[in-house]
Amino acid sequence: MATFLYKLGRLAFRRRHFVALIWVALLTLAGVGAASAPAPGTTSFSIPGVEAQKAFDLLEQRFPGASADGGTGRIVFKAPEGQKMTDAANKATVEKTVSELRDGSEVVSVADPFTSNAVSKDGTVAYTSVKYEAPGMELKDSTRDALKTAADDARATGLTVDVGGDALQAGAEPGAIGEVIGLAIAAVVLVITLGSLVAAGLPLLTAIIGVGIGVSTITALASALDLGDTTSTLALMIGLAVGIDYALFIVSRYRSELAVGRDREEAIGRATGTAGSAVVFAGLTVVIALAGLSVVGVPMLTKMGLAAAGTVVVAVLIALTMIPALLGYAGKRVKATGEKRKPRGGNRSEWSERSEAQAKPGMGTRWASFVIRRPAAVLLLGVVGLGTIAVPATQLELGLPDDGSQPTSTTQRRAYDLLSEGFGPGFNGPLMIVVDAKNSDDPQAAATSVTDGIKDLKDVATVTPAAFNKAGDTATITVIPGSKPSSAQTEDLVHAIRDQGADVKADTGAQVLVTGTTAMNIDFSQKLTDALIPYLGLVVGLAFLLLIVIFRSILVPLKAALGFLLSVLAALGAVVAVFQWGWLSGLIGVEETGPIMSMMPIFMVGVVFGLAMDYEVFLVTRMREAYVHGESPSQAVVTGFRYSAKVVAAAAIIMMAVFGGFISSSESMIKMIGFGLAIAVFFDAFIVRMAIVPAVLALLGKKAWWLPKWLDRALPNVDVEGEGLRTQDDADSSRDGDEDRELVRA
C-alpha cells in the first residue's frame, strides 16, 4: 500500500497540471449536471415491513384515489375575545377560506369545519383540514404558498389564524452563518497548525472542491434517485469535516518529511505513502459505517448513508492526488516543520537536526510522558468521567419531531397549541385503525367489535364510527388519544389496540392494523431500535477486522472499539441532557425539549464510529511505525504523540467547528445532529484517543502489539507504516555504498 501510494503521490506531483485539470473538469461537470437537473423534492418517507406502512399500502389498494399517504394541512382559526367562530362574520371568513383552498392543483379534499364537526365545544376554535395527493414532503412550493396565502387572507379579517400539518414540511436548511463561522475557525486552526496561509489554504480548497463535486452530484441525481435536501446536508457536513482532516494529515506529514532533508517530490511521495495509507484506511472505516446504514432497511437512511459515503470516497481521492499536485504548485511557500525562514548556512538536513535537537519537547510529548508515568490514574479518570456523562442516556426517549417540537415562534407550533387547547392534547396525533374484513363473514360486526373494544381502553378520548370502502370489505376508524402524540401513554395505546386486534382476528377473521403519523413514528423508532445491535455488530466487526490488518494486533483494535462505545454513549448522554432534559438548552437555541429523534442513536453510531477510527488510525499508526522501527512500547507512544498529537487535535477542533456550525440551523434534526457529532468528536479525540488510548497502551506494553503467528502469516501485509519505503532506502544506501567503494578501488 505505502509503495503504491508513494508512486501515486510523486506522479501527481510531477503531472500536477493534468491532475488539477481532471478535478476541475469533474467539478464543472457535476456543477452543470446540478444546474440542469429538475428541481428535487424531499426524500419520500416509507418504512417497509412495519404495520403502519402495511396499513397505508392496504388503504391505497382498497380506497383508490384517497391518497392515504398524502399530505395534510390544517388551518386553525380562533375567534377574538368575546366572539365565537359560529358568528356570521367569522363563519363567512372560514367558508371563503375553504372555497379558496379547493382550487389547488394537488388538493384532494377540503373539509368545512361547520359540517364536519371541527368546531370546539366552547365555539372559540375551529379548523379546516386539507388533503393532498402527494406526501407532505413532496408537495410543490406553489401548493404550500397557496396554503399560507389562504391563512394570511383570513388573518387579515381579525381572526387568529395559524397553519399546521405535514404540508408545511420542507427540506432541511442548514445554518449558513454557522457554516461560515465553522469554516473560519477551521481556517484559523489550519494556519496555526501548518504555519502559513498557503499551507492552510490547501486543505480548505481541496475540501471545498470535494464537497462541491459530491453535493452537486447528489443534486444532479436527486430527482432520479429520490434524494432529499437532508441527504445533501449530511454529505456537506461529513464531506467538509473529513476533507479538511485528510488533507491536513498529508500536508503535515509532507512538512515533516521536508524537515529531515528530503527534496519536495520525494517528501510528497513519502507523505502520500505513509499518511496517505492512514487516510485510505480511515476513509474506509467511515465508508463502512455510513454504507452500513443500509442494513436498517429504511430507504431514506440508506440513501443518506450511501450519498455521504460517496462524498468521503471523493475526499480520500482528492487528498491522495490533488494535495500532491497543489503542493507542487505551492513550492517553497509551504515550509518544513519548524522552519521560520531559510537557513543561511549548512544544508537543510543539518539545520533540521540542529533545530530538532535544540527544540523543547512539545505539548504532545509532555502529555504522553505524563500519561505513561500515571497510566492507571488517567485511565480511571477518563472512564469514570465519560461514564458519568453517559448516565442520562439510560433515560433516552425516542420519537420523531412533530409540530409540538417546533419553536413557539412558528405558525406550526401555534396551530398545534390551538388545537390542543380547543380539542385536547391527543387531537394532534390521531390514530387510524384499518379493519381488513375481506376474510370475515360479517364485516360490519367485525368493525363494530373493534370500535367497542377500543372505547374500553385507557387514554381514549374519541372513537369515530367505522367508514367502509365501496366494496364493503375494509373499514377505517379514527381514534383520538387522550395524551399528546409523543407521550408514553399514546404509545401504550397503540400497542393495546394491536394486542386487541389479535383477539378480533381469532374471533371474526378480520385483521386490525394501526397507522397514521403517530403510529408510523412509533414503528420507525422500534425498527431503528431493533436494528441497532445488528448494525453495531456489522460495522464494528468489519472495522475490527480492518484494524487487525492495519495494526497487526488483537488488543489495539479491541481497545479502539471499546473506546468508541464509551465516547458515543457519553455523546448520547449529552444529547439527552440538552435536548430531552433541557440542560443548557438556551445556549444553542433549543426552544422545545422532547424525545430524541429516532434515528439519532443509530446515526451517531455510524458517523462517530467512522470518525473515531480516523483518529485511532492517524494516532496509533505513528506509534506502530515507531515500534516496528525498534522503539520500546512506551517510547513509541511518546513518538506517536510527538508527531501526531498536534495534528489530531487540530483535526478534531476543525471537525467540531464544522459540525458545530450546523447547530445554528432552524431544523431541529440538523441542530441535534450537529451538536451530537461535535460533542462526540470532542469526547473521542480529547478523552478517548488522547488520554485513554496512551494509558491502555502504557499498561499493556509489548502485549498491545501481540498477534498470533498463524494469524500474522494469514493476514495480508498492507504496510501502512511505510516499512517498504525504508527497505527501499536501505537498498539505495547499499547501492550508493558499493559505488563509493568501487570509486575508491579505482
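Student: Why is N117 called exposed?

Tutor: In this predicted model, N117 has a relative accessible area of 70%. The cut-off for exposed is over 50%, so N117 counts as exposed. As for its place, N117 sits in the loop between β2 (107–110) and β3 (125–132).

Student: What makes the phi of N117 worth a remark?

Tutor: Its sign: phi of N117 is near 60°, which is positive, and the residue is not a glycine. R552 also has a positive phi without being glycine, near 50°. R552 is found in the loop between α17 (517–551) and α18 (555–580).

Student: How do you know whether R552 is buried or exposed?

Tutor: Put the value against the limit. R552 has a relative accessible area of 11%, and buried means under 20%, so R552 is buried.

Student: And Y127, buried or exposed?

Tutor: The relative accessible area of Y127 is 12%. With the limit for buried at under 20%, Y127 is therefore buried. Y127 belongs to strand β3.

Student: What does Y127 touch once residues up to four places away in sequence are left out?

Tutor: Y127 touches R74, I75, V76, F77, P113, A118, L419, F423 and F427. Then there's G422: 295 residues separate Y127 from G422 in sequence, yet their C-alpha atoms are 9.9 Å apart in space. For the protein as a whole, 79% of the contacts with a separation of 6 or more are between residues 24 or more positions apart.

Student: Why are α9 and α10 called roughly antiparallel?

Tutor: Helix α9 (residues 264–291) packs against α10 at an angle of about 175°, with the axes 8 Å apart. Angles over 145 degrees count as roughly antiparallel, so this pair gets that label. On the α9 side the contact includes I268, T272, G276 and V279, and on the α10 side G305, L306, A308 and A309 are among the residues involved. By type, the residues of this contact split into 17 nonpolar, four polar and no charged.

Student: Why, then, are α2 and α10 called oblique?

Tutor: The axes of helix α2 (residues 16–36) and α10 cross at roughly 140° and come within 9 Å. Roughly antiparallel needs an angle over 145 degrees, and roughly perpendicular runs from 65 to 115. An angle of roughly 140° fits neither range, so the pair is oblique. As for handedness, the crossing of α2 past α10 is left-handed.

Student: Which residues of α2 and α10 meet there?

Tutor: From α2 you have R16, H17, V19, A20 and W23. They meet V314, L317, I318, T321, M322, A325, G328 and Y329 of α10. That contact divides into nine nonpolar, three polar and one charged residue.

Student: What makes a set of residues a nonpolar core, and how many residues does the largest one have?

Tutor: The members have to be buried residues of the nonpolar kinds, joined through side-chain atoms within 4.5 Å. The largest such core has 190 residues, and Y246, I433, F564 and F659 have the most contacts inside it. Helix α10 (residues 299–330) gives the most to this core, 18 residues. Apart from it lies another core, with 24 residues, including F77, A150, L159 and A167.

Student: What is I433 in contact with, leaving aside its neighbours within four places in sequence?

Tutor: The list is V450, I454, A475, T476, I477, V479, I497, V512, L513 and V514.

Student: How many helices and strands does the protein have?

Tutor: There are 23 helices and eleven strands. And 54% of its 746 residues count as buried.

Terms used:
Residues numbered from 1 in each chain as written. Predicted model: local features only at pLDDT ≥ 70, side-chain atom pairs only at ≥ 80, totals over all residues. Heavy atoms only, no water. Buried < 20%, exposed > 50% of the residue type's maximum accessible area, 1.4 Å probe, protein only. Helix = DSSP H or I, 4+ residues; strand = E, 2+ residues; numbered from the N terminus. Contact = heavy atoms within 4.5 Å. Axes fitted to C-alpha atoms, helices over the stretch in contact; angles between N-to-C directions. Parallel < 35°, antiparallel > 145°, perpendicular 65-115°, else oblique. Left-handed = near helix turned anticlockwise from the far one by under 90°. Nonpolar A, V, L, I, M, F, W, Y, C, P; charged D, E, K, R; others polar.
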